[in-house]
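Visitor: I should like to examine this structure with you, one point at a time. Please show the sequence and the model before we begin.

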Amino acid sequence: NKPYVIVIDPGHGGENLGAEHYGYTEKDLNLIVAKAMKEELERYDNVTVYLTHETDEDMSIKARAEFGKEKNADLLLSLHFNASVHHNLYGTEIWVPAYDDFYVNGRTFAEIEMDLLTAKGLYSRGIKTKLNDENNDYYGILRHCSALGINSVLIEHCHMDQENDFSYYQDDEEKLISFGKTDATAVARYLRLSSEELGVDYSDFELEDENI
C-alpha cells in the first residue's frame, strides 16, 4: 500500500542550457514539461512525485541520481529535447539502461511512452541503449541511477532544430504542457494507477513485461 515514488528530472538548468534553436532554450522547455508532468501525475492515487529541481538551476548528473535515491524513487525520468549535428533528424527517442532488470523495466515503460508520443504524430526514432568505452551506460543519468538501484529512463521528446517537429513545441506553451501530461499518462499506465478526479483506471492495463 506504500505509494509509488516518481522523480522527474528536468534536463539541464542554470548555465547548462542544453540545445538552443530558433529562440528556444532546452532547459526552459524541460522545466515546463516537468512541472506539467508533476501536476498531472499528482492527480492520480497512490503516487508521490518529486522534481530534482523546481527552479532554473544546474545540478550535477550524480546529484540528480542521488536525489532519486534519497527519495527512494521507483522510477526516475530525465526529460529532454533533442538536436542533431546536421539538423536533419526529427522525431522522438527514448533511452533506457542497457543491463539487467533496469533494461527490462525501462523498456517496459518506454514502450508505453513511445506509443503515446507516436499517437501525437511524432516519428519514432526508437527505444535505445548506448554504451561508453567502459561498457557502461553512455548517459550519465542512466549510469548513476542503475548504480544506485534506481530504474530510470531518458526521454527526448522531439528535435528542436528540425522543421518536422516545430509544430510540437513552438508558439504555444500548451504544447509543452501536453508533453508533460503524456509523460504522466505513461507513468500511470506503467504503474497501473487510477484517478477518480480524471475518471481513469489503469489497474488492468496490460504490460509487455511483468517484471515491475
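Visitor: How many bridges join strand 6 to strand 7?
Guide: In this predicted model, strand 6 and strand 7 run parallel. Ile94 stands opposite Ile127 in strand 7. The number of bridges that join the two strands is three.

Visitor: Which strands stand at the edges of the sheet?
Guide: The sheet is open and is formed by six strands in the order 4-1-5-8-6-7, with mixed pairing. Each edge strand has a single partner strand, so one side of it is left without a neighbour in the sheet. The strands in question are strand 4 (47-51) and strand 7.

Visitor: What is the average twist from one strand to the next?
Guide: The sheet in question is the open one, in the order 4-1-5-8-6-7. From one strand to the next, its twist averages 15 degrees.

Visitor: Which residue of strand 7 meets Glu93 in a salt bridge, and is Glu93 buried or exposed?
Guide: The salt bridge links distant parts of the chain, since Glu93 lies in strand 6 and its partner in strand 7 (residues 124-128), 32 residues apart. The N to O distance between the side chains of Glu93 and Arg125 is 3.1 Å. Arg125 has a relative accessible area of 25% and is therefore partly exposed. Glu93, at 5% relative accessibility, falls under the 20% limit and so counts as buried.

Visitor: Where do the partners of the salt bridge between Asp9 and Arg64 lie?
Guide: The side chains meet at 2.8 Å, N to O. Asp9 is buried, with a relative accessible area of 2%, and Arg64 is likewise buried, with a relative accessible area of 2%. The two residues are 55 apart in the chain, with Asp9 in strand 1 and Arg64 in helix 2.

Visitor: What is the distance between the closest N and O atoms of Glu111 and Arg107?
Guide: Residues three or four places apart in an α-helix point the same way, because the helix has 3.6 residues a turn. Glu111 and Arg107 both lie in helix 3, four residues apart, about one turn of the helix. Glu111 is partly exposed at 26% relative accessibility, and Arg107 is partly exposed with a relative accessible area of 28%. The closest N and O atoms of this salt bridge are 3.0 Å apart.

Visitor: Which residues do salt bridges that share partners join into one network?
Guide: The structure holds 10 salt bridges. Those that share partners form one network, which joins Asp9, Asp58 and Arg64.

Visitor: At what angle does helix 4 run to strand 8?
Guide: The buried residues of helix 4 (residues 140-147) are Gly140, Ile141, Leu142, Cys145 and Ser146. These residues pack against several elements, including helix 2 (61-70), helix 3 (100-119) and strand 8 (152-159). Helix 4 lies across strand 1, strand 5, strand 6 and strand 8, and the angle to strand 8 is about 165 degrees.

Visitor: How far apart are the end C-alpha atoms of helix 5?
Guide: At the start of helix 5, a side-chain oxygen of Asp172 reaches to within 2.9 Å of the backbone nitrogen of Glu174. The helix has 19 residues (173-191), and at 1.5 Å a residue it should span 27 Å. The modelled value agrees with this expectation, since the end C-alpha atoms are 28 Å apart.

Visitor: Which residue with a positive phi follows helix 5?
Guide: Just after helix 4, Gly149 takes a positive phi of about 85 degrees. Helix 5 is also followed by a residue of positive phi, near 60 degrees, and that residue is Arg192.

Methods:
Residues numbered from 1 in each chain as written. Predicted model: local features only at pLDDT ≥ 70, side-chain atom pairs only at ≥ 80, totals over all residues. Heavy atoms only, no water. Expected span 1.5 Å × (residues − 1). Polar contact = N/O pair within 3.5 Å; in protein donor to acceptor, adjacent residues only side chain to side chain. Buried < 20%, exposed > 50% of the residue type's maximum accessible area, 1.4 Å probe, protein only. Contact = heavy atoms within 4.5 Å. Salt bridge = Lys/Arg side-chain N within 4 Å of Asp/Glu carboxyl O. Pairing = 2+ DSSP bridges. Axes fitted to C-alpha atoms, helices over the stretch in contact; angles between N-to-C directions.
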